[in-house]
Amino acid sequence: MQYKKRVAIDKIAKIIFKSTGYLVLALLGGIFFMLLYNAIAFFLEVSPLDFITGSQWNPTAAEPAYGILPLIVSTSIVSLGAMLIAIPLGVGTAAFISEYASPKLKTILKPAIEMLAAIPSVVIGFLGIVLVGPGIADLNNLPNGLNALNGAILLAIMALPTIITISEDAIHAVPQTYREASYGLGASRWQTLRKITIPAAAPGIIAAVMLGLGRAIGETMTVLMATGNAAIFPKGFFDSVKTITATIAIEMGEVPYQTTHYYALFAIAIVLFFMTLVANLIGEYFISRFRKYHAA
């Protein structure tokens, strides 16, 4: 009797868990096809090639322009700039916590870093306006600090908790025997960390970086407040930029329903979807390469 009861419970649990998995896939598929359906309505009026390669975004002009290239470049500059700051800081901090910090210091640092993720993005954006932006402007003799560099610094701060936490877990998970074998051959702690521990933890570190990059690409409020929102082709980090997420957030609330401009926002959302997808696929490729390398 007990055996039949356990079997029945296992079957019910299996059905529930399988259903939740399919539900998540259905929700993702529904979001994608909703975006695609509305984007198709836009591409019936505007050429996809003109949309992707156009250098001007001005949907409210007398002759509307729907070129998304400045928005793509702006999003890429801010996100990649954030990663250039966050990756060395994040991986270095994770390595310090895992390999060098005392147990007492570790118990303080880890919760403090995780608390950083709880700060609302609007607060980070406000700090960019009143603190980081004026500092950038003063150091570089600029009229204002609302530019791509400001956004990159703020996004790096927001991505750091994810990168540090997951990277530290990956480094900590490397078997102690790897370190002991390295020490046995006469390597120092720094040499062991650089040549043994970090390469062994590379799949987890890459996953952390990809999650941080996804956070940077998809962030809205911070870049909306701190980057100047100028829909022009940026020439560098000191130019004001307008990212894809900021464009959607600013214009969706005011655009007339079912107009070309309305459908254009769904089209740029599709572009953002594919940008994050490509980033994840690249990360998965390198993760699989490292796993094959370690398995060989």
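**Figure 1. N38 and its aromatic neighbours in this predicted model.** N38 touches Y262, Y263 and F266, leaving aside residues up to four places away in sequence. The residue belongs to helix α1. With a relative accessibility of 11%, N38 falls under the 20% cut-off and therefore counts as buried.

**Figure 2. The largest nonpolar core and the members that touch the most others.** This core holds 65 residues, and F42, F51, W57, M83 and I244 are the ones with the most contacts to other members. Eight helices are worth tracing here, each giving two or more residues: α1 (2-43), α3 (69-100), α5 (121-140), α6 (148-172), α9 (202-218), α10 (221-226), α11 (244-252) and α12 (260-295). The top contributor is α12, with 14 residues.

**Figure 3. A closer look at M83, one of the best-connected core residues.** Setting aside residues up to four places away in sequence, M83 touches P88, A159, I163, V209, G212, L213 and A216. A159 from this list appears again in the next view, where α6 bends by about 40° at that residue.

**Figure 4. Helix α6, from its cap to its bend.** At the N-terminal end, N147 acts as the cap: one of its side-chain oxygens lies 3.3 Å from the backbone nitrogen of L149. Further along, the helix bends by about 40° at A159, and the proline P161 follows within four residues. If you check the end-to-end distance, the 25 residues of α6 reach 35 Å from first C-alpha to last, close to the 36 Å expected at 1.5 Å a residue.

**Figure 5. The kink in α5 and the residues it buries.** The kink is about 45° and is centred on G128. G128 is also among the buried residues of this helix, together with I124, G125, V132, G133, I136 and A137. As you read along that list, it helps to recall that an α-helix has 3.6 residues a turn, so residues three or four places apart point the same way. The cover over the buried residues of α5 includes α6 and α10. Just after the helix comes N141, with a positive phi near 55°.

**Figure 6. T222, a buried residue of helix α10.** T222 has a relative accessible area of 0%, so this residue is buried. Its place is in helix α10. Leaving out residues up to four places away in sequence, T222 touches S121, I124, G125, L154 and M158. Two of these partners, I124 and G125, are themselves buried residues of α5.

**Figure 7. P120 and M221, far apart in sequence.** The two residues are separated by 101 positions along the chain, while their C-alpha atoms are 9.4 Å apart in space. P120 sits in the loop between α4 (103-116) and α5. At 44% relative accessibility, P120 lies between the 20% and 50% cut-offs and so counts as partly exposed.

**Figure 8. Two loop residues with positive phi, N229 and Q258.** Although N229 is not a glycine, its phi is positive, at about 55°. This residue lies in the loop between α10 and α11. N229 counts as partly exposed because its relative accessibility is 24%, above the 20% limit for buried residues. Q258, also not a glycine, has a positive phi near 60°. Its place is in the loop between α11 and α12. A relative accessibility of 48% makes Q258 partly exposed.

**Figure 9. The setting of these close-ups, with model confidence.** The protein contains twelve helices and two strands. In sequence order, the pattern is α-α-β-β-α-α-α-α-α-α-α-α-α-α. Its C-alpha trace spans about 70 × 70 × 35 Å along the principal axes. Of the 296 residues, 38% count as buried. Among contacts with a separation of 6 or more, 69% link residues 24 or more positions apart. For anyone planning to work from these coordinates, the average pLDDT is 86, and 97% of the residues score at least 70. Confidence is highest in α3, at a mean of 91, and lowest in α12, at 80.

Key. Residues numbered from 1 in each chain as written. Heavy atoms only, no water. Core = buried A, V, L, I, M, F, W, Y, C linked by side-chain atoms within 4.5 Å. Buried < 20%, exposed > 50% of the residue type's maximum accessible area, 1.4 Å probe, protein only. Contact = heavy atoms within 4.5 Å. Expected span 1.5 Å × (residues − 1). Bend = angle between axes of the 7 residues up to and from the residue. Polar contact = N/O pair within 3.5 Å; in protein donor to acceptor, adjacent residues only side chain to side chain. pLDDT = per-residue confidence, 0-100.
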